[in-house]
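Reader: I would like to learn how to read the features of a structure such as this one, taking them step by step.

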Amino acid sequence: MAMDITTQAANKRRLHNKLAWHVALVMAVSVNADAATSEIKVSAGADITFTERKYDDGTTLEALTYELSPTVAYTVDGNKLDLAFVVSHTQLGSDDQSVIDNQHYTDFSASLIAEPLHWWKVTLSANRNYRTTNPFDNALGGRYFNTDSLSEITTYQAGTEFILNNRSVVGTLGARYGETNSDLIKGTQSFFTNFDNKSVAAYLQLAAPGAQGVFWAVSANQAYIQREAYSDYESVSAAAQFSAPLYQQLFMRVQGSHEKYDVDGINANFGGLQYRDQTSYGAGLEWRRSAKKFIAVTYNSADRAGLEDRESYVGVDLAWAFSERTSVAADYGKRFYGTAKSLTIRHENRSLTSSIGHKEDISTFSRLGVEQDIAVYVCPIDAAGVFDCNRAEGDYVPLPGEFLINTIDNIAEVNEEVRFNKRTFANFAWDVTAKSNLGLGLNHSETLYLETNRLRETDSANLFWRYRLNKSSNINASLTWRDDQGEGGILEGESISLAVGHTRQLGRHLDFAVNYRFLDRTADNAFYSLRENKLSVAITYQF
């Protein structure tokens, strides 16, 4: 049976390789149809690392490893088309073949955004990366010794969007198709971590931003996921609101919403959350100064499937832009699982970018990347880490060949189980001086895996500092802490790591880097408790 699963995974990998290159070819051919400027960067890197790892069970590992990684990055910036494509092939080796024996990996990322007409947008994307299946192993980093949890994640997405923008109504109508494939490269094969899922989604958003003194908005979202390892998943949601003036800035608001989450077949108990269908409506007062400055308090009645009596509650909806750089948005009410709340705070000044928030939602691994937090760093497409990035200012829209990240991100477990996420986070990027940059990320998350009744609670923090010695030399340091607790078989433990590094440009085309990292990890399983010292030296040549 193991051979059958392995053979199937290899066949799927070959199929996805072909699909990836077809997507890249389509993107490249499309460039010829648009007058655009393009840039191509080719580099080759070599990294030698000495690792010393000691486990609590007495096992010791010492290895000298090497990494060779040629990389090609191609970007196009056009009037009606933007394209970014990067591919990197990594070859790993070691003086101890029991540690690493001729391993190689190919990462790629490609995105295309075309606007044939000012009201029509088309997007294509393809990505592949390698990451730990179990979030607890993420602290180890790299691909060398994660022998029990390394997966190859490949995603493809295609979407189209129609944009309406006139004096009375603004909005979007769109649809997306996606595929997410996970192959367990190392570890015990399982349908929980090996999956090939397909999803479709449609969405509608319309709003009248104050024409004739009336504000209204409607939205609808539908998603369907065909899951290989589980039964199929579908979510539907819709909401509408109408605000009419009563006196000066005082409005009357009427609103309604509906949401439904469906899982067919067995294991569909949603972890005891059996009431997954709710319809609510209500009315109240709203104080509104503009489309971006309002607060509403409403009295609502909710009809939840499975409950005989309707439930009444008070809801609060707040959106207030104090300036172009500072805004607050919050929401409080009821959803099918009970009390629901959300918060987003954004503040910027000349040297600081910050985002603070709280989110709650039902999701799957395939859909976690659809909505991202407000980012505080912008990075080139070939960036190796946050040290290669700069602080993002304003509502920054990435240029072709750029992407946005935060100081800290919630690391998700790789499986396609439906999960209920609650997360509170804070991200800060501070330009202390013209030469020094400081970043801080804080995160608390609770994830309930609804089809296996498992709970994971994670607290994490990341602090990093970068100092520019001169035009060609930087030093950097980071301190990372993570604590995992849970129920239902979740691996519990705590890890802390300290890293320091130095980068220097030796010539016009040659870069040099030396890095050291210490990791201390404790777990309720002695096999996962360890201390690790890692020293690496790397050179990169830009052709």
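**Reading a strand-rich chain**

Author: Let us begin with a single residue, bearing in mind that this is a predicted model: Arg 304 is found in strand 13, which covers residues 293-304.

Reader: Is Arg 304 buried or exposed?

Author: The general idea is that a residue counts as buried when its relative accessible area is under 20%. Arg 304 counts as buried because its relative accessibility is 11%.

Reader: Which groups make polar contacts with the side chain of Arg 304?

Author: One partner is the side chain of Gln 278, with which the side chain of Arg 304 makes a polar contact at 3.4 Å; another is the backbone oxygen of Phe 336, which lies 3.4 Å from a polar atom of the Arg 304 side chain.

Reader: How does that residue fit into the chain as a whole, and what is the secondary structure of the protein chain?

Author: The secondary structure comes to one helix and 27 strands. Of the 543 residues of the protein chain, 41% count as buried, and among contacts between residues at least 6 apart in sequence, 56% join residues at least 24 apart. The accessible surface comes to about 27,200 Å², of which 57% belongs to carbon and sulfur atoms.

Reader: How many aromatic pairs are there, and how should I read one of them?

Author: The general idea is that rings pair if their centres lie within 6.5 Å, and that planes over 60 degrees apart count as edge-to-face. By this rule the count comes to 12 aromatic pairs. One of them is formed by Phe 195 and Phe 365, which are edge-to-face, at 6.2 Å centre to centre with 70° between the planes. This pair links distant parts of the chain, since Phe 195 is in strand 8 (residues 195-209) and Phe 365 is in the loop between strand 17 (352-363) and strand 18 (377-380), 170 residues apart. Phe 195 counts as buried at 0% relative accessibility, and Phe 365 counts as buried at 11%.

Reader: Which residues form one aromatic cluster?

Author: Tyr 261, Phe 336, Tyr 337 and Phe 420 form one such cluster, and Phe 336 is also the residue whose backbone oxygen lies 3.4 Å from a polar atom of the Arg 304 side chain.

Reader: Where do Arg 288 and Arg 454 lie with respect to aromatic rings?

Author: Arg 288 lies over the face of Phe 294, at 4.3 Å from the ring centre, while Arg 454 lies over the face of Tyr 449, at 4.2 Å from the ring centre.

Reader: How many salt bridges are there, and what do they tie together?

Author: The general idea is that a side-chain nitrogen of Lys or Arg lies within 4 Å of a carboxyl oxygen of Asp or Glu; by this rule the count comes to 22 salt bridges. Among them, Glu 532 forms a salt bridge with Arg 53, the closest N and O atoms being 2.5 Å apart. Glu 532 lies in strand 27 (residues 530-542) and Arg 53 in strand 1 (residues 36-55), so this pair ties together parts that are 479 residues apart in sequence. Both Glu 532 and Arg 53 are buried.

Reader: Which residues does the network of salt bridges that includes Arg 454 join?

Author: Consider one bridge of it, that of Glu 417 with Arg 454, where the closest N and O atoms are 3.2 Å apart and both residues are buried. Salt bridges that share partners join Glu 413, Glu 417, Arg 454, Arg 456, Arg 482 and Asp 484 into one network.

Key
Residues are numbered from 1 along each chain as its sequence is written. This is a predicted model: local features need pLDDT of at least 70, side-chain atom pairs count only at pLDDT 80 or more; totals for chains, interfaces and linings use all residues. Side-chain values use heavy atoms; hydrogens and water are left out. Helices (H or I, at least four residues) and strands (E, at least two) are DSSP runs, numbered from the N terminus. Buried means under 20% relative accessible area, exposed over 50%, partly exposed in between (1.4 Å probe, protein chains only). Contact means heavy atoms within 4.5 Å. Accessible areas come from the Shrake-Rupley method with a 1.4 Å probe; for residues, only the protein chains shown count as cover. A polar contact is a pair of N or O atoms within 3.5 Å; within protein, one must be able to donate a hydrogen and the other to accept it, and residues adjacent in sequence count only if both atoms are side-chain atoms. Rings of Phe, Tyr and Trp (its six-membered ring) pair if their centres lie within 6.5 Å; planes under 30 degrees apart count as stacked, over 60 as edge-to-face and the rest as tilted. A charge sits over a ring if NZ of Lys or CZ of Arg is within 6 Å of the ring centre and within 35 degrees of the ring normal.
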